[in-house]
Amino acid sequence: MPRRVFLVRHCEATGQDASSPLTAVGQTQATHLADYLETLGVDLLVSSPYIRARQSVAPLARQLGLPVEIDARLAERVLSAEPLADWREAIKQSFVDLDLAWPGGESSRAAMARGRAAIDGLLARPERAAVAVTHGNLLTLILHSFGTQGGFQIWERLTNPDVHCLVVHGERVEISHLGSNLRGDGR
Amino acid sequence: MQVPKRIHIFGASGSGTTRLASVIAGKHGHRHLDMDDFFWVPTNPPFRETRPRDQRLALLEQARRGPGPWVLSGSLCGWGDPLIPEFDLVVFLVVPTPVRLARLRARELARYGPQAIAAGGALHQGHVEFLEWAGRYDTGGLEMRSRALHEAWVAALPGAVLRLEGDRPVDEHLARIEARAGREA
């Protein structure tokens, strides 16, 4: 079977801090995510160190009895150390000029490189199907690194949670977007 | 007429795995194990809460213990893979999607009643989403429970696989399994 990576944006969270937990709705979303992913042969779980990412994969880890590996390279991209007046506009610009960086922030190119390295690391392992939980901006950059066009529009349309599936056929990677409409055999 | 002792029957939702397994069990004395009973915690309405994988596997282990033959119906792609080496025969049911959807509609109607699944009913949304999901089986890729995923899974199996295609009566499927066993013997 071709190798797969399910690239997941975390479920609904209470805030943007590394320590912000999921909302009650987010907790329920995480169980639905687990119900969906657990029948697809997933055998490796990796998460951003942020609490909202770890909580998003926790129910799946429990149901599958698998540990969750933490990879700091899946943490959200830091746009700027200081709050920006118009951060949406800043993100938009950051997809146009990949080298743009605000003080204390990370350029799109730098964030994309570490995010992609994390995914390449997963693909180099013997496990067949991984789940990698990360964040909206970084996820969009990882998709960009695989050739998906339209960075800002993709980012804008992401939901919580949001799932993309990368299927590796030799040199070719096929990407499908599942969004948050995750319906399993659950009735 | 003998059939293999440890049989697994799988296919898309509505392909008739449970029905075929119960017919085999009735005629050949196999214990009938159904994945739904291990996967889901019994609730009312059903199919709301899943069991953790280790509990499922432990229950399955218990149910398989002992010398008698068994037939296991339902899809175990992924979580049930530790059982693969035990199967003497895996039967893959491939049924046209319109036929499956008609069966699933009828099953949900019988299970929940017309009111619950009709527009405005308590289970309407779940019903609609379930049928939509079941309808994507043929076109979906490896990101969902699809024909593609099942084909990839079955291609990697080490043992015997019998593929039964089409909307055929269950007795005909049973006859195919028996005929195959007869040839092997």
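Two strands are said to pair if DSSP finds at least two bridges between them, and helices (H or I, at least four residues) and strands (E, at least two) are themselves DSSP runs, numbered from the N terminus. This is a predicted model, in which local features need pLDDT of at least 70 and side-chain atom pairs count only at pLDDT 80 or more, while totals for chains, interfaces and linings use all residues. Residues are numbered from 1 along each chain as its sequence is written, and chains are lettered from A, with ligands numbered from 1, in the order in which they are written.

**First stop: strand β5 of chain A**

Select residues 162–169 of chain A, which form β5(A). Of the 8 residues of β5(A), 6 are buried, so this strand is largely enclosed by the rest of the structure; a residue counts as buried if 20 or more other C-beta atoms, placed from the backbone, lie within 10 Å of its own.

Now add residues 3–9 of chain A, the strand β1, which runs antiparallel to β5(A) and is joined to it by 7 bridges. To see one of these links, pick R9(A), whose bridge partner in β5(A) is D162(A).

Next add β6(A), residues 172–179, which pairs with β5(A) in the antiparallel sense over 7 bridges. Here V167(A) has E174(A) of β6(A) as its bridge partner. The hairpin of β5(A) and β6(A) has 2 residues between the strands, and in this hairpin G170(A) takes a positive phi near 60°.

**Second stop: where chain A touches chain B**

Show both chains and look at their contact, to which chain A gives 21 residues and chain B gives 21 residues; two residues are in contact if their C-beta atoms, placed from the backbone, lie within 7 Å. On the side of chain A that touches chain B, the elements that give two or more residues are α2 (51–64), β5 and β6 of chain A. Select α2(A) in particular, since α2(A) gives the most to this side, with 3 residues.

**Last stop: chain B as a whole**

Select chain B, which holds 8 helices and 5 strands, and follow its sequence through the pattern β-α-β-α-α-β-β-α-α-α-α-β-α. The C-alpha atoms of chain B fill a box of roughly 55 × 35 × 30 Å, taken along the principal axes. Of the 185 residues of chain B, 33% count as buried. Among the contacts in chain B with a separation of 6 or more, 69% come from residues 24 or more positions apart.

Notes:
Buried ≥ 20, exposed ≤ 12 C-beta atoms within 10 Å, placed from the backbone.
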